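Q: Please take a close look at one part of this protein for me. I would like to see how its two domains meet.

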Amino acid sequence: MKKPEMKVEPIKNGTVIDHITANKSLHVLKILGLPNEDINVTVAMNVSSGKAGRKDIVKIEKRELDSSELDQIALLAPEATINIIRDYKVVEKDKVRFMKELKSIIRCNNPNCITNANEPIESRFHLIKTSPILLRCHYCERLIDAEEIDKQF
């Protein structure tokens, strides 16, 4: 007897984020301000992946992501791929990319940093390395690793 398959319907227009680090999809939804009543979202968590072992997938109907959203997703899911769907077809496929400088995405964990002193200064970090992620604060030079980044989401 063949095991029944559960199928997820394809989306007509929107974005599919694949290869999200396992169990990070809820953080991705938070970054994107989802779910909301206007947009259908499908989430698959901790599914088998030949490449990563386990992964998450997020499908978002009627929305294409902007570059600042992709920058934030890269911090949580550096191996993620972004698929833009139009009329049920993948029209664009790309991996998230790290920017050399990240602005206003995360905050510095140094309480003495100027960005934490109620000054009108946005946080700025320089990418030191991507695997594992390591950032340096532009102002106080404090290093921020993946574990610290995860705590902010």
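A: Here is a walk through the place where the two domains touch, followed by a stop at an annotated site.

The model is predicted. Start with the two parts. The domain assignment gives domain 1 as residues 14-95 and domain 2 as residues 101-151. Their C-alpha centres lie 24 Å apart. Each side brings seven residues to the contact: seven from domain 1 and seven from domain 2.

Now look at the area. About 600 Å² is buried between domain 1 and domain 2. Carbon and sulfur atoms give 72% of that area.

Next come the charged and polar links. Between the domains there is one salt bridge. Asp 150 forms a salt bridge with Lys 24. Their closest N and O atoms are 2.6 Å apart. That distance falls within the 4 Å cut-off for a salt bridge. The count of residue pairs in polar contact between the domains is one, with both residues at pLDDT 80 or more. What kinds of residue does domain 1 turn to domain 2? The touching side of domain 1 has four nonpolar residues, one polar residue and two charged residues.

Last, turn to the annotated site. An unreviewed UniProt entry marks Cys 108, Cys 113, Cys 137 and Cys 140 as "binding site". These residues are spread over 33 residues of sequence, yet they cluster in space. The largest C-alpha distance among them is 8.8 Å. To find one of them, go to the loop between strand E6 (101-103) and strand E7 (124-130). Cys 113 sits in that loop.

Definitions and conventions:
Residues are numbered from 1 along each chain as its sequence is written. This is a predicted model: local features need pLDDT of at least 70, side-chain atom pairs count only at pLDDT 80 or more; totals for chains, interfaces and linings use all residues. Side-chain values use heavy atoms; hydrogens and water are left out. Domain bounds come from an automatic or database domain assignment. Contact means heavy atoms within 4.5 Å. Buried area is the accessible area (1.4 Å probe) that two parts lose on being put together, summed over both. A salt bridge is a side-chain nitrogen of Lys or Arg within 4 Å of a carboxyl oxygen of Asp or Glu. A polar contact is a pair of N or O atoms within 3.5 Å; within protein, one must be able to donate a hydrogen and the other to accept it, and residues adjacent in sequence count only if both atoms are side-chain atoms. Ala, Val, Leu, Ile, Met, Phe, Trp, Tyr, Cys and Pro count as nonpolar, Asp, Glu, Lys and Arg as charged, and the others, Gly among them, as polar. UniProt positions are given in the numbering used here, feature names are shortened, and annotations may be inferred rather than shown by experiment. Helices (H or I, at least four residues) and strands (E, at least two) are DSSP runs, numbered from the N terminus.
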